[in-house]
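Please look at the chain and its fold before reading on. The paragraphs below go through some side-chain contacts and then the strands.

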Amino acid sequence: MVIKWSTVDTPTGPFTAVVDADGAVLASGWTAQLDELLPQVSPSLLPEAPVAASDLGDVTRAIRSYHDGDLHAVDGIPVRQRSGPFLEHAWEVLRKVPAGEPVSYTEYAALAGRPQAVRAAASACARNAAALFVPCHRVLRSDGSLGGFRWGLPVKRWLLDHEAAA
């Protein structure tokens, strides 16, 4: 199994993705530093060190297309993340939150089937390794403020504005 990584320039800075041999995203985010992504990947999904690639095929095309305005370009890209049952389910649910329709952490917890588990829902966002493909940026505080984002609040604001404008 060959795991690859590549970095793409975007309007919000460099974006790096790590994919497995099947093309599923294991980790991604607005960084050019691979070592910022790898600690987020379950060791069971990363049996070897990733190899640099100039292009990741469908994943690279999806990253570019999303940033160019095709907000659904990332939807069909497979993602692999491992954790407990709730987090894995919560990440799947998050992929269904439509672009341009952010939800609160409370709403996200309810969508994930555990309306009282707001902190667990926030933890799912914080532990999400596959930013953009699992759009944790679409979750806001109940007062509409941004909350946190591993890749910085300016990136989160840009993403939300980008999606609202489309």
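In this predicted model, F15 is buried, with a relative accessible area of 0%. This residue belongs to strand β2, which covers residues 13–19. What does the ring of F15 pair with? The structure holds three aromatic pairs, and one of them joins F15 to F133. A pair of aromatic rings is described by the distance of the centres and the angle of the planes. For F15 and F133 the centres are 6.4 Å apart and the planes stand at 55°, so the pair is tilted. An angle under 30 degrees would have counted as stacked, and one over 60 as edge-to-face.

F133 is also buried, at a relative accessible area of 2%. Its place is the loop between α4 (118–126) and β6 (139–140), and it is 118 residues from F15, so the contact links distant parts of the chain.

Another ring pair is made by W30 and F149, whose centres are 6.0 Å apart with planes at 50°; this pair, too, is tilted. W30 sits in the loop between β3 (25–29) and β4 (51–52), while F149 sits in the loop between β6 and α5 (153–165), so the pair ties together parts that are 119 residues apart in sequence. Both W30 and F149 are buried. Taken with the pair described before, these contacts belong to a cluster: ring pairs link F15, W30, F133 and F149.

A ring can also face a charge. The charged end of R114 sits over the ring of F86, at 4.5 Å from the centre of that ring.

The cysteines come next. How many disulfides does the model have? The count comes to zero. A disulfide is a covalent bond between the sulfur atoms of two cysteines. The sulfur of C125 has its closest cysteine sulfur in C136, at 5.6 Å, which is too far for a bond; the cut-off used here is 2.5 Å. Seen from the other side, C136 is in no disulfide either, since the nearest cysteine sulfur is that of C125. Are these two cysteines buried or exposed? C125 counts as buried at 10% relative accessibility, and C136 is buried at 8%.

Opposite charges meet as well, and the count of salt bridges is five. One of them brings together the side chains of D22 and R80, with an N to O distance of 3.7 Å. D22 lies in the loop between β2 and β3, and R80 lies in the loop between α1 (58–67) and α2 (85–94), 58 residues apart, so this is a link between distant parts of the chain. D22 is exposed, with a relative accessible area of 61%, whereas R80 counts as partly exposed at 26%.

R138 forms a salt bridge with E163, and here the closest N and O atoms are 2.9 Å apart. This pair also links distant parts of the chain: R138 is in the loop between α4 and β6, E163 is in helix α5, and 25 residues separate them. Are these partners buried or exposed? R138 counts as buried at 4% relative accessibility, and E163 counts as buried at 3%.

Helix α5 holds another salt bridge, between R157 and D161, with the closest N and O atoms 3.0 Å apart. The two residues are four apart in the helix, about one turn. R157 is partly exposed, with a relative accessible area of 36%, and D161 counts as partly exposed at 41%. Elsewhere, salt bridges that share partners join D20, D22 and R80 into one network.

The strands remain. Strands of a sheet pair through backbone hydrogen bonds, either parallel or antiparallel. The model has an open sheet of four strands in the order β3-β2-β1-β4, with mixed pairing. Which strands stand at the edges? They are β3 and β4; each has a single partner strand, so one side of each is left without a neighbour in the sheet. Strand β2, which carries F15, pairs with β3 in the antiparallel sense over four bridges. V18 stands opposite A27 in β3.

Terms used: Residues numbered from 1 in each chain as written. Predicted model: local features only at pLDDT ≥ 70, side-chain atom pairs only at ≥ 80, totals over all residues. Heavy atoms only, no water. Phe/Tyr/Trp six-rings, centres within 6.5 Å; stacked < 30°, edge-to-face > 60°. Buried < 20%, exposed > 50% of the residue type's maximum accessible area, 1.4 Å probe, protein only. Lys NZ or Arg CZ within 6 Å of the ring centre and 35° of its normal. Salt bridge = Lys/Arg side-chain N within 4 Å of Asp/Glu carboxyl O. Pairing = 2+ DSSP bridges.
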